[in-house]
Amino acid sequence: MNSNFEDPNKEKEERQTIIERPIAEQPLASFEQQESIQWKVEIFTGIRPTGDLTVANFVGAVAPILELQNNGKHPMVFVADLHAMTDKEPKIAMQFTNDVVADYIALGLNPEQTDIFVQSTIAQQVGQLTLYLMRHISIAELIRVPTLKDKLKDGQREENASALLATYPVMMAADILIQRAKEVPVGEDQVPHIEVTRLLAKRFNAQYGQTLYVPKVQQVETLRIRSLKGEGKMSKTNPNGAIFLTDSLDEVAKKIKKAETAFAGEMSPTLASHVTLAKNLTYKPEDKVLIDEIIEAHMQGQTVMGDFKKIFTEITLRFIENFQQRRAQVMSDPTYIPSILEYGAKKARENADETLGSVYEAMTSGAKEG
Ligand code: AMP
Ligand code: TRP
């Protein structure tokens, strides 16, 4: 648990002036997971409805989910379109959802093994639980969540950032708790949000009796891919250094041709990132062996960057071509994606209604104090 926002004494005085009943003084006893509450979803995670995915999004965000799926688990994945309203017009966020699902399926997400739904199809339920949970966290705690601090450091200001930015972790907690998720795999940057989720569930349970399943965070290693040109991370805001899944094969080859490498005998962060990218885009073990041999020769001072770019290009073109073919297939039947999402939404709605029912019941009849 992050002591940053669970230190009950440090800012107690400050909080007492903010809220009537100091939230951090609510009893935190009997916190270990309760046998009486059953989880419903073994692995649960959210994806952002980002349009125009790059190969870095694949490596950093999609591949870890595929790995869970391919380990024989039955994950539930949702498109966080309501969360996207934090910094996007709702119309834009919603417009991307089918595309994002098509992208993920073309990249290997298998709807037979993974339930997929769109957050806004259970907006009412998530909104309601968000409201109830909001009572169990103070304003002071919300503004101490490290991710918010980072966003405020990154240029957004308290004066003009929307309140959604501060309440984001509570809605994320509602997403998770409403499905009774057992484990939530996320990258390091999202861990504080899962801590908030656990804290809210524990506080709710302490107040109203064992109702919400307290999920576990499953931290996954997320690889960071740099811009091909070496300036910062690969991102759509810097299109020349990024390979988009929608780029033509010609464009991809040209971009790799212009990519920065390193002098013979030297390893640079950018070259290391190219190596990571190439190895993560190929499924062929022999490609990885060849890359290692080339890099070894490079480190011994040989001039082999041409050979590296050749295999890097080959791997990337094969990946992009495969993706584009599969995506066209996915989109060829206009009923395919809607039917997958409908199936996922049905499950998500069932879980949500059940959780909300017990939350309401607990709040109206099980309160330990008045
Ligand atoms: P974004 O495109 O910034 O909305 O990010 C969508 C997802 O892709 C997030 O999970 C990011 O962590 C991941 N991602 C974005 N850029 C990179 C990058 N350069 N390398 C690895 N993962 C990334
Ligand atoms: N905040 C997550 C991200 O930015 C997305 C997300 C929203 C999420 N709700 C979630 C992830 C619930 C896991 C569980 O990537």
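# Sheet, helices and ligand shells

Trainee: How do the residues of the shell around ligand 1 divide by type?
Mentor: This is a predicted model. 15 residues surround ligand 1, with Ala56, Gly60, Ala61, Ile225 and Lys233 the closest. The shell around ligand 1 divides into 6 nonpolar, 6 polar and 3 charged.

Trainee: What share of the chain is buried?
Mentor: The chain has 13 helices and 5 strands. Of the contacts with a separation of 6 or more, 78% join residues 24 or more positions apart. Among the 370 residues in the chain, the buried share is 36%.

Trainee: In what order do the strands of the open sheet run?
Mentor: The sheet has 5 strands, and the pairing is parallel. S3 and S5 (216-219) are the edge strands, each pairing on one side only. Neighbouring strands are turned by 30° against each other on average, direction ignored. The order is S3-S2-S1-S4-S5.

Trainee: Which residue of S3 stands opposite Val77?
Mentor: S2 and S3 pair in the parallel sense. Their pairing has 4 bridges. Opposite Val77, in S3, stands Ile116.

Trainee: How many bridges join S1 to S4?
Mentor: S1 also pairs with S2, over 4 bridges in the parallel sense, and Gly46 has Phe78 as its bridge partner in S2. Towards S4, Val41 is partnered by Ala181. S1 and S4 run parallel, and the number of bridges joining them is 2.

Trainee: Is S1 largely enclosed or largely open?
Mentor: Helix H2 (residues 55-70) lies across S1, S2 and S4, and runs at about 165° to S1. H3 lies across S1, S2 and S3. Because 5 of the 7 residues of S1 are buried, the strand is, within the rest of the structure, largely enclosed.

Trainee: At about what angle does H3 run to S2?
Mentor: H3 lies across three strands: S1, S2 and S3. To S2, the angle is about 145°.

Trainee: Which element supplies the largest share of the shell around ligand 2?
Mentor: The surrounding residues include Thr45, Gly46, Met172, Asp175, Ile176, Val184 and Val186. By type, the shell divides into 5 nonpolar, 4 polar and 2 charged. S1, H7 and S4 (181-186) each supply at least two residues. The largest share, 3 residues, comes from H7.

Trainee: What distance does H13 reach from its first C-alpha to its last?
Mentor: H13 covers residues 336-365, 30 residues in total. At 1.5 Å a residue, 44 Å is expected, and the model is close to that. The reach is 44 Å.

Trainee: Which strands are included in what covers the buried residues of H13?
Mentor: The buried residues of H13 include Ile337, Leu341, Ala348, Asn351 and Val359. Among the helices covering them are H3 (90-106), H4 (123-134) and H7 (163-178). The strands included are S1 (41-47), S2 (76-79) and S3 (115-118).

Trainee: Is Ile243 buried or exposed?
Mentor: Ile243 lies in the loop between S5 and helix H9 (249-257). It has 24 other C-beta atoms within 10 Å. The cut-off is 20 or more. Therefore Ile243 is buried.

Trainee: By what distance are the C-alpha atoms of Ile243 and Thr54 separated?
Mentor: Leaving aside neighbours within four places in sequence, Ile243 is in contact with Thr54, Val55, Val252, Lys255 and Thr316. Thr54 and Ile243 are 189 residues apart along the chain. Their C-alpha atoms are separated by 5.5 Å.

Key. Residues are numbered from 1 along each chain as its sequence is written. Chains are lettered from A and ligands numbered from 1 in the order in which they are written. This is a predicted model: local features need pLDDT of at least 70, side-chain atom pairs count only at pLDDT 80 or more; totals for chains, interfaces and linings use all residues. The expected span of a helix is 1.5 Å times one less than its number of residues. A residue is buried if 20 or more other C-beta atoms lie within 10 Å of its own, exposed if 12 or fewer, and partly exposed in between; C-beta atoms are placed from the backbone. Two residues are in contact if their C-beta atoms, placed from the backbone, lie within 7 Å. A residue is near a molecule or strand if its C-beta atom, placed from the backbone, lies within 6 Å of it. Ala, Val, Leu, Ile, Met, Phe, Trp, Tyr, Cys and Pro count as nonpolar, Asp, Glu, Lys and Arg as charged, and the others, Gly among them, as polar. Two strands pair if DSSP finds at least two bridges between them. Axes are lines fitted to C-alpha atoms, for helices over the stretch in contact, and angles run from 0 to 180 degrees between N-to-C directions.
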